[in-house]
Structure formats: structure tokens, C-alpha cells
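Dear colleague,

I am handing over the structure that we spoke about, and it is placed directly below. Please have it open while you read the notes that come after it.

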Amino acid sequence: MVKKPSLAGRLKIIEIGGRKTLGDQHGNPIQLRGMSTHGLQWFPQIINNNAFSALSKDWEANVIRLAMYVGEGGYSTDPSVKEKVIEGINLAIKNDMYVIVDWHVLNPGDPNAKIYSGAKEFFKEIASKYPNDLHIIYELANEPNPTESDITNDITGWEKVKKYAEPIIKMLRDMGNENIIIVGSPEWSTRPDLAVNDPINDKNVMYSAHFYTGSASVWENGNKGHIARNIEKALGNGLAVFVTEWGTSEASGDGGPYLNEADEWLEFLNSNNISWVNWSLANKNEASAAFLPTTSLDPGNGKVWAVNQLSLSGEYVRARIKGISYKPISRETMGK
């Protein structure tokens with residue numbers, strides 16, 4: 001049974017068999033499965049009650065991630081995108097889902113860069129508006145990376161991410177917020193293992209891992225692939241991991257979908273009780289988008305998208321969120 005906030009309550013990190021994982025208010029393990037929006041500056045139409053209802057009820061998602069880009073024409077140049085985040089939080093609460101507030105660091109890749117200087121004030125504002133709200137999960141830095149930055153793929157890169165994150169975490173805790181907080185890692189959040197020897201001192205911090213099934217497999221030449229190894233190392237050394245973004249395509253968002261590889265990844269995540277969020281709730285003409293380009297992001301008053309309105313990726317991920325077998329529909333006559 002999918003545990004929604006109304007049943008699971010406040011999330012916290014628990015320990016089972018020597019490993020840390022996400023737990024509900026009673027200390028039982030819980031797995032969140034859901035979807036991420038694309039950049040809200042590009043696809044704001046997804047923020048509507050019909051869509052959130054469809055995700056919660058038809059898709060049976062218990063989490064949605066609100067991707068608020070800061071660069072790329074996002075918050076730093078158009079602060080009004082914050083209103084879409086607030087609207088999305090309200091709709092997630094209304095529709096009984098947890099909601100990840102994602103400060104979407106991409107280009108430049110250093111969360112300490114000047115363009116991201118508004119992070120602390122942004123999270124303070126959200127936390128003031130929703131004080132210690134059990135629905136909210138804070139994601140402080142989507143994908144730290146070396147693009148236009150010196151976030152190197154090593155412990156030095158991690159130390160710079162940690163230096164950025166710690167003051168925000170302290171502020172949120174000083175305000176009385178017990179929420180789960182997720183911190184990204186270098187190399188586009190593929191290195192949660194770099195925090196093993198220098199973790200953040202907070203009992204409810206998790207570390208993000210990202211992957212795209214066309215660019216990284218669980219198995220490579222008979223051995224665990226590098227991202228899977230990094231996740232296992234983090235788990236084996238006392239860190240809790242949350243996959244806040246993964247796609248069925250290549251890392252570019254296109255190519256595929258690579259569904260056999262996705263099956264292997266989800267088997268790996270599910271067996272380790274790692275929560276996951278798929279990219280993305282968009283009708284963009286790319287393989288990772290959940291909807292066909294002709295599909296409205298508002299499913300209408302019926303609050304259900306027909307399966308033939310979904311892309312191959314969307315059709316597959318909907319089934320996997322629901323925990324049912326994936327049986328692809330015939331698409332031979334579609335578009336004719």
C-alpha cells in the first residue's frame with residue numbers, strides 16, 4: 001500500500017540492519033515514488049489541481065518535486081517563478097503528497113556562485129510560510145557540477161557543497177523545522193559517496209543521487225556501474241540516499257527510452273528502499289518527458305490522463321509508481 005502523508009505523517013531517517021533509510025512517523029520504512037516537474041519557468045502549466053489529483057490518485061504517487069531553476073531564465077532573473085512553487089506546495093498538500101522544493105542548481109554548477117546568493121532567503125521564506133510542515137522536503141542544490149565552476153569530482157568539491165549547505169540547514173533547524181533536507185553531490189549528484197568521510201552533522205539529512213538509464217547502468221561489464229557503486233558505498237557508510245531525479249533517456253533528456261535498464265535500476269532502488277522521483281512532467285518533445293507533445297498538462301475535470309496521452313516513458317513510469325506490471329499499449333495507429 002502506498003503511504004501518503006495523511007497516513008505516514010512526518011518523515012524521518014531510521015536505521016534498519018545497520019543502514020539508514022527513510023521512515024514514517026512510526027519509525028517504519030517508507031518509500032516515496034513520484035514525478036518531478038521540468039523547469040517551472042518553461043512548463044508552469046503543470047501546476048494545476050487536475051494534474052496533481054491525477055498524479056496522487058491515478059498514478060498513486062506520494063511525492064512530487066517542484067524544479068525551480070535559478071539560472072537558465074529561472075528564479076534569479078524571474079523571481080515570480082516562486083509563486084508557482086508556492087502554488088505547487090499548496091496543491092501537493094491538498095492532494096495528499098509530499099513535496100520536494102528543489103533549488104535547481106545547474107549552470108553554473110557551484111551552489112556558492114553569486115547567481116545562487118538568494119538561496120538562504122528563499123528557503124527562509126518558504127519555511128516561514130509553511131513552518132515545520134510535514135509535507136515539505138527541502139532539496140538545497142540539484143546538481144553541483146564543474147560547469148563554469150570549480151566543483152571538482154572529489155572531496156574538495158564536496159567540501160564546497162557542504163560549506164554552502166550547512167548555514168541553510170542550521171537556519172532551517174533554528175527556525176524549528178524538522179523536515180527532511182536533501183543535499184546534492186558533485187558530478188551532477190552522482191557522488192553521494194564523497195560525503196562518507198565528511199558528512200553533514202544532522203539526523204535528517206539525505207544525499208541525492210541522479211542517473212539516466214541510457215547513460216548509466218546498474219551493471220557495467222558484469223560489475224556494478226559507477227553510480228550504483230557510489231550509492232552502495234554511501235549506504236554502507238551510514239548515509240541515507242534519495243534519488244531525486246532519474247530518467248529513462250540519456251542524460252541529455254533524449255534517446256531511448258531505455259526501459260530494460262530502467263527495470264534494473266528500479267529493482268536496485270526498490271530492494272534498498274531508496275525513494276525516487278522521475279524526470280519529468282513535461283510535454284516537451286524528448287524521450288524523458290512523460291507526455292506526448294500534443295498532450296495538455298491539465299488533464300481536465302476527469303483528473304486522469306489517458307494512457308495514449310503519455311509517452312512511452314510516462315506510460316512505463318506510471319506503472320512502476322503504481323507497482324503494477326508494465327504492459328505497453330499499441331501505438332501503431334496513434335497519430336494517423
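The notes below go through the barrel, one helix, the cores and the salt bridges.

Please keep in mind that this is a predicted model, in which local features need pLDDT of at least 70 and side-chain atom pairs count only at pLDDT 80 or more, while totals for chains, interfaces and linings use all residues. Residues are numbered from 1 along each chain as its sequence is written, and side-chain values use heavy atoms, with hydrogens and water left out.

Eight strands close into a barrel with parallel pairing, in the order β3-β4-β5-β6-β7-β8-β11-β12; helices (H or I, at least four residues) and strands (E, at least two) are DSSP runs numbered from the N terminus, and two strands pair if DSSP finds at least two bridges between them. Within the barrel, β4 and β5 (residues 98-104) are paired in the parallel sense over seven bridges, and R65 has I100 in β5 as its bridge partner.

Helix α2 (residues 49-58) is mostly covered, since eight of its 10 residues are buried, where buried means under 20% relative accessible area, exposed over 50% and partly exposed in between, with a 1.4 Å probe and protein chains only. Among the elements that cover these buried residues are β3 (33-37), β4 (63-69) and α9 (312-322). Just after α2, E60 takes a positive phi of about 65 degrees.

The largest nonpolar core (buried Ala, Val, Leu, Ile, Met, Phe, Trp, Tyr and Cys residues joined through side-chain atoms within 4.5 Å) has 88 residues, and those with the most contacts inside it are W103, F123, Y138, L140 and V183. Helix α5 (residues 155-174) gives the most to this core, with eight residues. A second, separate core of 16 residues includes V63, I100, I180 and F242.

A search of the whole structure finds 19 salt bridges, each being a side-chain nitrogen of Lys or Arg within 4 Å of a carboxyl oxygen of Asp or Glu. One of them joins the side chains of R65 and E139 at 2.8 Å, N to O; because R65 lies in strand β4 and E139 in strand β6, the pair ties together parts that are 74 residues apart in sequence. R65 counts as buried at 0% relative accessibility, and E139 counts as buried at 0% as well. In another salt bridge, E232 meets K224 with the closest N and O atoms 2.7 Å apart, and here E232 is partly exposed, at a relative accessible area of 27%. Salt bridges that share partners also join R65, D102, E139 and E245 into one network.

With best regards

Technical notes:
Contact means heavy atoms within 4.5 Å.
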